[in-house]
Amino acid sequence: MKLRGTLGGLNLLIEPGDTGSSVQDALSVRTELLASAVTLELQGDADPEAVEAALHAIRAAGGTPGRVRAPRVSVPTPSPADSAPRPAPLPARTEILTHTLRAGYHREFPGSVIVLGDVNPGAEILAGGDVIVVGALRGVAHAGLGGHADAIVWARPIASTQIRIGDAVARAPEGSSLSNMRHREDQPLAEIARLQDGVIHIDVQK
């Protein structure tokens with residue numbers, strides 16, 4: 001794990017050898033540094049428990065996970081059995097899905113979930129924590145299931161007709177940023193959705 005300051009806040013790198021306990025121990029003595037916008041980067045085969053520990057430490061310190069980057073994540077190819085819905089993980093665990101979610105997919109996660117692909121129209125993903133999509137979010141996403149208002153939805157971009165955070169719902173009118181792909185030539189723009197004063201706000205990550 002590496003933690004370094006940037007002009008916009010902090011950059012936290014989760015490396016393949018990091019575990020939930022090692023990240024928790026390392027960040028427990030740096031809580032004052034985490035009370036800011038923190039960019040979370042995943043390198044190699046990131047341990048889901050390490051990611052969850054980092055997210056928990058950031059929130060506990062009063063910080064905000066502003067961005068999540070996984071440019072070169074290497075994960076095992078899932079077997080056909082892995083493509084089917086599996087029993088929900090433990091509430092404290094962050095689940096990493098290694099494939100694009102297609103129409104008809106529906107699953108609920110007690111904790112946070114990271115999708116290393118797209119969420120296509122007709123797919124629905126629900127999480128007690130954050131919903132982070134490395135690709136485009138075109139299906140329905142519900143973060144903060146159960147009323148957790150501090151959860152976020154992050155995708156590159158958010159192009160869904162509906163997202164939920166906690167008990168709030170954002171439906172996209174025709175022509176809005178939710179219903180149209182935001183991109184700069186071949187580089188999609190990342191967007192983050194947060195709940196502020198009971199209303200979902202979506203900001204472009206530049």
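How many bridges join strand 6 to strand 8? Four bridges join these two strands, which run parallel; strand 8 covers residues 124–127. Two strands count as paired if DSSP finds at least two bridges between them. Strands (E, at least two residues) and helices (H or I, at least four) are DSSP runs numbered from the N terminus.

The model is predicted: local features need pLDDT of at least 70, side-chain atom pairs count only at pLDDT 80 or more, and totals for chains, interfaces and linings use all residues. Residues are numbered from 1 along each chain as its sequence is written, and side-chain values use heavy atoms, with hydrogens and water left out.

Strands 6 and 8 belong to an open sheet of five strands in the order 6-8-10-12-13, with mixed pairing. Strand 6 (106–109) and strand 13 (168–171) are at the edges, each with a single partner strand, so one side of each has no neighbour in the sheet. In strand 8, Ala127 stands opposite Phe109.

A nonpolar core is a set of buried Ala, Val, Leu, Ile, Met, Phe, Trp, Tyr and Cys residues joined through side-chain atoms within 4.5 Å. Buried means under 20% relative accessible area (1.4 Å probe, protein chains only).

| Core | Size | Residues, among them |
|---|---|---|
| Largest core | 27 residues | Leu12, Ile14, Val23 |
| Another core, apart from the largest | 25 residues | Val113, Val133, Ala155 |

Elements giving two or more residues to the largest core include helix 1 (20–28) and strand 16 (190–196). Helix 2 gives the most, with seven residues. Domain 1 (2–69) and domain 2 (95–204) both contribute, so this core lies between them; the domain bounds come from an automatic or database assignment.

Definitions and conventions:
Buried means under 20% relative accessible area, exposed over 50%, partly exposed in between (1.4 Å probe, protein chains only).
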